[in-house]
Amino acid sequence: LVMRWAFDPIMQGRGSYGFFLIATAFVAWRCGTAPALLTTIGGAILGTWLFEDPRGTLTLPLGGGHIALIVSIAIGIATAVFCGSLRRTAMENARLYRH
């Protein structure tokens, strides 16, 4: 959130959701798939609320913005599932290595 806010003058209202995918991957790796899915949804809500015009509302973005929102949610879900799967595999490998 802080990184996206810092880049706001450069982004000029574009790329409202991309930075939240980093958080999704991190949460999936550290906590699992379900918390990462919540992070994806939270990122979509925060991205819409804070960075889409009109700001401070949950109005769906106009123009191509709604496509960016849908694509970001789809990529977030895929990231959560993929990173969660990697996490489970790494934990299983660690368990097998210890025995």
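Is Arg95 buried, partly exposed or exposed? Arg95 is partly exposed, because its relative accessible area is 36%. The points below set this residue and several others in context.

1. Status of the model. This is a predicted model. The protein chain has a mean pLDDT of 84, and 89% of the residues score at least 70. Of the elements in the chain, helix α5 (residues 65-98) has the highest mean pLDDT, 90, and helix α1 (residues 2-6) the lowest, 72. Where pLDDT is low, the predicted coordinates should not be read in detail.

2. Overall make-up. The protein chain contains five helices and zero strands. Its pattern along the sequence is therefore written α-α-α-α-α, a DSSP-based reading. Of its 99 residues, 29% count as buried. Among contacts with a separation of 6 or more, 64% are between residues 24 or more positions apart. The chain exposes about 6400 Å², and 74% of that area comes from carbon and sulfur atoms.

3. The salt bridge. Searching the whole structure gives one salt bridge. It joins the side chains of Arg95 and Glu92, with an N to O distance of 2.5 Å. Both residues belong to helix α5 and sit three residues apart, which is about one turn of the helix. Glu92 is partly exposed, because its relative accessibility is 34%. Arg95, at 36%, is likewise described as partly exposed.

4. The nonpolar core. Five residues form the largest nonpolar core: Val27, Ala28, Ala36, Ala80 and Cys83. Helices α3 and α5 each supply at least two residues of this core. In soluble globular proteins, nonpolar side chains tend to be buried together.

5. Val27. This core residue lies in helix α3. Val27 counts as buried because its relative accessibility is 18%, under the 20% cut-off. Apart from residues up to four places away in sequence, Val27 touches Gly32, Pro35, Ala36 and Thr39. One of these, Ala36, is also a member of the core. Val27 and Leu37 are ten residues apart in sequence, and their C-alpha atoms are 9.0 Å apart in space.

6. Thr24. Helix α3 (residues 18-31) also holds Thr24. Thr24 is buried, because its relative accessibility is 1%. With neighbours within four places in sequence set aside, the contacts of Thr24 are Ala36, Thr39, Thr40, Gly76, Thr79 and Ala80. Two names in that list, Ala36 and Ala80, also appear in the largest nonpolar core.

7. Thr39. This residue is placed in helix α4. Thr39 counts as partly exposed, because its relative accessibility is 21% and the buried class requires under 20%. Beyond neighbours within four places in sequence, Thr39 is in contact with Ala23, Thr24 and Val27. The C-alpha atoms of Thr39 and Ala25 are 9.3 Å apart, with their positions 14 residues apart in sequence numbering.

8. Thr33. Helix α4 also includes Thr33. Its relative accessible area is 18%, so Thr33 is buried. Which residues does Thr33 contact, leaving aside its neighbours within four places in sequence? They are Ala80, Val81, Gly84 and Arg88. Ala80 is one of the core residues, and Ala80 is also on the contact list of Thr24.

9. Phe82. Helix α5 contains Phe82. Phe82 is exposed, because its relative accessible area is 54%, over the 50% cut-off. The C-alpha atoms of Phe82 and Ala28 are separated by 8.5 Å, although the two residues are 54 residues apart along the chain. Ala28 belongs to the largest nonpolar core, whereas Phe82 is exposed.

10. The surface patch. Ile41, Ile45, Trp49 and Leu58 make a nonpolar surface patch of about 390 Å². Ile41 is found in helix α4 (residues 33-51). Ile41 counts as partly exposed, because its relative accessible area is 43%.

Note on methods:
Residues numbered from 1 in each chain as written. Predicted model: local features only at pLDDT ≥ 70, side-chain atom pairs only at ≥ 80, totals over all residues. Heavy atoms only, no water. Helix = DSSP H or I, 4+ residues; strand = E, 2+ residues; numbered from the N terminus. Buried < 20%, exposed > 50% of the residue type's maximum accessible area, 1.4 Å probe, protein only. Contact = heavy atoms within 4.5 Å. Patch = residues over 30% accessible without salt bridge, like charges linked within 9 Å, V, L, I, M, F, W, Y side chains within 5 Å. Areas by Shrake-Rupley, 256 points an atom, 1.4 Å probe, with all protein chains shown as cover. Salt bridge = Lys/Arg side-chain N within 4 Å of Asp/Glu carboxyl O. pLDDT = per-residue confidence, 0-100. Core = buried A, V, L, I, M, F, W, Y, C linked by side-chain atoms within 4.5 Å.
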